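Reader: Could you walk me through this one? I'd like to start with charged pairs and then move on to helices and unusual backbone spots.
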Amino acid sequence: MNDTNGRRRFLRSAAMATGALAAPSLLRAQTSSTPDDTGVSLPSSNAAGTASSSVDLLSGSTHPKFVNALPNPLDLANRYRPTGLSGLLPHYQLRLREFSTRIGLVSPSGTPLSTTLWGYATPLQTTPASPGRSFVVAAGLPIRVSYVNELIGTDGAALPHRLGVDTSLMWANPGNLGGTAPVPLVAHRHGGAQDTAADGLPDGWSTPDANRNGSPDLKGRLYSASYTYGNDQEAAHLWYHDHALGVTRLNVYMGLAGHYFIRDANEAYLWLRGMLPAPPYEVPLVIQDRMFTSTGQLHYPSQDLENPAAPAVSHLPEFFGDFILVNGVPWPTHPVEPRPYRLRVLNGSDSRFYDLRFATAAGSAVPFSQVGTDLGLMNAPVALAHLVLAPGERADLVVDFSAFKGQTVRVTNSAPTPYPDGDPVDAATAGQIMTFQVQRPLNPLVPKARLPAYLRPLRPMLPVPSTAGVPVRKLMLLEGSDAFGRLQTLLGTVNPAAGNPASSAYGTFFYSDPVTENVKLGSTEVWEIYNTTVDAHPVHLHLVDFRVVNRQGFSGTVIPKPMGPNGSTTGGYLTQVSLSGSARPAEANEAGRKDTVTAYPGEVTRILVQFARAGEYVWHCHILSHEDHEMMRRFVVAP
Amino acid sequence: MTGRPSLPGAALACCLLAWPCAGQAAPLAEPPPDLCVAPATATGAPSAETVTLHLPDVRLQPAQGASVSLGSQLRSSEAVLLNFIYTSCTSICPPMAQIFAATQERLGSRAAQVQMLSISIDPEHDSPRRLQAYARRFGAGTQWRFFTGSLQAIDAVQRAFSVWRPDKMSHTPVTFIKPRGQSHWWRVDGFATPDQLIALALPEAGAP
């Protein structure tokens, strides 16, 4: 770790001692995905995958900021209305379509630009929206949702992908048609406790029904025409986003994500007593970074300039854009009253962590509280000065603008890329998120919310997680190299035997390798996630909510593990694990139900998980560029 | 090429479960413990739909003889029945093979009118010799041929037929039928009966 620019092995000395993983790919190779603020053209590629065309980019540093209005995803017009009944259940039919819209981009001369996006329409709300409209549903009341892939051109043929598909990855590859295949789409409800058939797993994709025979032309093995969501969980901030195998990063980048809120009686209790800001003083914020061409089109880098061996259209280790979109709008502004607001923040970015602060233009910090984690309210509010939010994570915040009447409150980001030890964020671009202008008069008819000491009056108190007697599963995160010499992000297992010896039953595995996380239905497990890489990874488990127990430093020896045809991929075994220091308890703002946890480099992160539903699911790094490149494993819960 | 096939899977599973793990050149060993997962849908009535396939340009290795291109095997107007099996599977594949065997028997003198293909999804272990032994076990006639191939070729074929799964143990019973004289395929999920297969393959002949 002596050189943060030299990718990327936490346990470097150990690896070298045992024969070392290939060096070139471990060098930081994502510079080609770093936006160029000087206006210089970067090489790019078109959707058909031919290489070495060149593209002019819009510059995030000089683009106007804080002029576009923030849409509120909880405004009635931005919520889905049921489109009918399916049996006795409200049915929502979502049509996933390509459309063009103005999100607030302008050319350097100030001309408004249009952007082609993929979004969600319904038979009743026929204008596609991206990010998608919000589901707002009641706890315990099931609904049925159909996500219909309608990425069809005016000629009736299925559209190929707008972005370069790296066909060297393990990906859906509908019909074996390669990079020009119809786009596979599948919507996962992130944070939902749902059956396998309703989960929206990577193999649940489908292509459009271009042949008009009533069903998608091509389907993955887990495709389901409609999903039943029981909503049998606490009030929480779920979200839905595309999850198609190997192209998740591209499909989400094109716009396929939205909020999903569950409401319950506990939350209503707090609203009615003025203990939690209620709409319109509740504002969801989905933060996403992007790059745009000079004509306003989404740009996703796909050339690995530092690796001549990489495919012409190549996956890159991460994506970091120089435009910040909040609710789909670049650097928006939102007028607010001098009162507390509830902000439901979602990091919907590919790879970027955010370290958020609220401050006035004069620089005085605006304190705020976190009241909820990914999947519900905590026992008590937690006062924060700043908030670290990993890709996929949500935070339920209450920010009090009362003391800042007439002022502008800026939301800024200081998270390095990659997090936490990468390059500093550019203060002129991704260092800025949005502003709140405290300019609206206080509505005297609605009392200001006053946070209670205890947030779960109608729910059981969340216990301190206890791991006594709970079986432990040892897992690992590792970065090796793939057949093209590229960084290969992987998950794996650690041999629990003394000394953690290398054995082919352990170590890193591909998505398609046999399941190693076979869990008994109804059981509770501690998952110990050993991060051998130099970067933080947000680890997400489908199906479950879990509790963060603690984190602890460790050292160990990584032994290379040949993987794939002819051993062309290098993974690893983590051996001789030795814990160091004492365990660090979970952060104060992690004291709630979680589905995504940041595993910091050089630490084992321990989570307590209960598996209450049988089926096949996945756990993965929520850096989309990583999950698309094998940092995802299936797990099976069975009686 | 397209995705990376699931290479280490089978070998690893063998080691995990301490099977007598058959290597590439090993003779047909004792069938390993059953790892085939019978899906819930397999117990219900089979469902049929027509599908359009784009056959990949790959070469497959028949149980006997030199490698052939898949397209050349299927480009005729003859009726085709095609399924996916692997020789060490002990729950889904034997019934699938039994159904083909019964179909062959049911066709009787018409058997030559229907090409039957069984493609292994375990090319790592299913050598031509193992496939020959498997074919003998089910009394396959000359019109019923078994194929294996490279990992890449088998991967491409599975994706082209939309039957790819991350590991072979979780495969499901699927039969593809190209009716005589037609270019479309039927995809039947579940265990179809021999009569159903014959009716789809030789529609003009009517059910026997």
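Author: Let me fix one term beforehand: a salt bridge here is a side-chain nitrogen of Lys or Arg within 4 Å of a carboxyl oxygen of Asp or Glu. Please also keep in mind that this is a predicted model.

Reader: Fine. Which residue does Glu528(A) form a salt bridge with?
Author: The partner of Glu528(A) is Lys474(A), and their closest N and O atoms are 2.9 Å apart. The pair links distant parts of the chain, with Glu528(A) in strand β28 and Lys474(A) in strand β24 of chain A, 54 residues apart.

Reader: And is Glu528(A) buried or exposed?
Author: Glu528(A) counts as buried because its relative accessibility is 7%, under the 20% limit, whereas Lys474(A) is partly exposed with a relative accessible area of 23%.

Reader: How many salt bridges does the structure hold over all chains?
Author: There are 40 over all chains. One of them pairs the side chains of Arg486(A) and Asp166(A), at 2.7 Å from N to O. Arg486(A) lies in the loop between β24 and β25 and Asp166(A) in the loop between β7 and β8 of chain A, so this pair ties together parts that are 320 residues apart in sequence. Arg486(A) is buried at 3% relative accessible area, and Asp166(A) is buried at 1%.

Reader: What about Arg357(A) and Asp355(A)?
Author: Their side chains meet in a salt bridge as well, at 3.8 Å from N to O. Arg357(A) is partly exposed, with 35% relative accessible area, while Asp355(A) counts as buried at 10%.

Reader: Switching to helices, which residues of α4 in chain A are buried?
Author: In α4(A), which covers residues 265-272, the buried residues are Asn266(A), Glu267(A) and Leu270(A). They cover an arc of only 100° around the axis, which puts them on the same side of the helix. As background, an α-helix has 3.6 residues a turn, so residues three or four places apart point the same way.

Reader: What do those buried residues pack against, and what sits on the face turned away?
Author: The buried residues of α4(A) pack against β11, β16 and β19 of chain A, and the face turned away from the buried side carries the exposed residues Ala265(A) and Leu272(A).

Reader: What happens at the ends of α4(A)?
Author: At the N-terminal end, Asp264(A) acts as a cap, with a side-chain oxygen 3.3 Å from the backbone nitrogen of Asn266(A). The helix is followed by Gly274(A), whose phi is positive, near 65°.

Reader: And α3 in chain B, how far apart are its end C-alpha atoms?
Author: They are 21 Å apart, which agrees with the 21 Å that its 15 residues should span at 1.5 Å a residue. Its buried residues, including Met96(B), Phe100(B) and Leu107(B), belong to a set that packs against several elements of chain B, among them β4, β5 and α6. Gly108(B) follows this helix, with a positive phi near 55°.

Reader: Last topic, backbone oddities: where are the cis peptide bonds?
Author: One joins Thr417(A) and Pro418(A), with omega about -15°, and another joins Tyr419(A) and Pro420(A), with omega about 0°. Pro418(A) is in the loop between β22 and β23 of chain A, and Pro420(A) is in the loop between β22 and β23 too.

Reader: What is the phi of Asn500(A)?
Author: Asn500(A) has a positive phi of about 50° although it is not a glycine, and this residue lies in the loop between β25 and β26 of chain A. Asn500(A) counts as buried, at 7% relative accessibility.

Definitions and conventions
Residues numbered from 1 in each chain as written. Chains lettered and ligands numbered in written order. Predicted model: local features only at pLDDT ≥ 70, side-chain atom pairs only at ≥ 80, totals over all residues. Heavy atoms only, no water. Helix = DSSP H or I, 4+ residues; strand = E, 2+ residues; numbered from the N terminus. Expected span 1.5 Å × (residues − 1). Buried < 20%, exposed > 50% of the residue type's maximum accessible area, 1.4 Å probe, protein only. Contact = heavy atoms within 4.5 Å. Arc of directions from axis to C-beta. Polar contact = N/O pair within 3.5 Å; in protein donor to acceptor, adjacent residues only side chain to side chain.
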